[in-house]
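This briefing is about charged side chains and a metal site, and it is meant to be read with the model on screen. Please keep the sequence at hand while going through the points below.

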Amino acid sequence: MTYVIDPPARPSLPVQGREARFPVRRVYCVGRNYEAHAREMGADPRREPPFIFQKPSDAVVSGVTSIPYPPQTRNLHHEIELVVAIGRRGVNVSAAEADALVFGYGVGIDLTRRDLQQAAKDGGKPWEWGKAFDNSAPCSALMPTDVIGHPASGRIWLSVNDVIKQNADISELIWSVPEVIAFISASMVLEPGDLIFTGTPAGVGPLAPADHIQGGIDGIGTIEVRISDSEHR
Ligand code: MN
């Protein structure tokens, strides 16, 4: 195959204990999937089915030392999340069948331009500009299921400049990983390479240039990112 321009690079994630990388196809994200976070965002967590938005695959970055503060926001927020990496195709899978689709798990940060997201909510407009910007989906190396299995519990945490901001357990997910996979596959064909950011617990908050962010999920991995000055010029 030849192209009229150089083809864009395929985003990918490292895999713990492997040389080969995980190629990224799509990035699905679940909104309001921990009760305390839904409440802190002013929503009632128990009334609604899961809802999904997407980020572009090249928003996924890994192994970077710094992420530039994005343009057009004054309120960049961190959201630490369990990430599911899909390794097998799935259509209309039941929750009972869903684990078989999973290649592995990772730790991601759903970076959010909260002011742009709020303006979109207020105006009844799409979340795109608040959520799907460049570098908005940093992610750890993936932990394969043949090592970790399918953990249903484990501490999930994030600190900013060594101060713990988010501290919860993935067992507190309102919609479990199998339920989320079943929900998405009822509407879209899940394919190998898809990632699912499963939602963030309470404690989201602002980031500033020079901030040092660390996070992790017990048994799955850790992530470390620094925010640098804006490079959008
Ligand atoms: Mn999120």
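Glu48 and Arg32 form a salt bridge in which the closest N and O atoms are 3.1 Å apart, a salt bridge being a side-chain nitrogen of Lys or Arg within 4 Å of a carboxyl oxygen of Asp or Glu. This is a predicted model, in which local features need pLDDT of at least 70 and side-chain atom pairs count only at pLDDT 80 or more, while totals for chains, interfaces and linings use all residues. Residues are numbered from 1 along each chain as its sequence is written, and side-chain values use heavy atoms, with hydrogens and water left out.

**Salt bridges away from the metal donors**

- The pair of Glu48 and Arg32 links distant parts of the chain, 16 residues apart, with Glu48 in the loop between helix H1 (35-40) and strand S4 (51-55) and Arg32 in the loop between S3 and H1; helices (H or I, at least four residues) and strands (E, at least two) are DSSP runs, numbered from the N terminus.
- Glu48 counts as partly exposed because its relative accessibility is 28%, and Arg32 is likewise partly exposed, at 23% (buried means under 20% relative accessible area, exposed over 50%, and partly exposed in between, with a 1.4 Å probe and protein chains only).
- Asp194 and Arg25 also meet through their side chains in a salt bridge, at 2.8 Å from N to O.
- Asp194 lies in the loop between helix H6 (177-185) and strand S15 (195-197), and Arg25 in the loop between strand S2 (22-23) and strand S3 (27-31), so this pair ties together parts that are 169 residues apart in sequence.
- Asp194 is buried, at 0% relative accessibility, whereas Arg25 is partly exposed, at 30%.

**The manganese site**

- The manganese ion has Glu79 (OE), Glu81 (OE) and Asp110 (OD) as its protein donors, at 2.0 to 2.1 Å, where donors are N, O and S atoms within 2.8 Å of the metal (3.2 Å for Na, K and Ca) and sites may look incomplete because water is not among the atoms.
- The donor residues follow the sequence spacing E-x1-E-x28-D.
- Glu79 is buried at 4% relative accessibility, and Glu81 is buried at 0%.

**From the metal site into a network**

- Glu79 forms a salt bridge with Lys131, with 3.3 Å between the closest N and O atoms.
- Lys131 lies in helix H4 (residues 128-131) and Glu79 in the loop between strand S7 (76-78) and strand S8 (80-86), so the pair ties together parts 52 residues apart in sequence.
- A network of salt bridges links Lys55, Glu79, Asp110, Arg114 and Lys131, and the whole structure holds 9 salt bridges.
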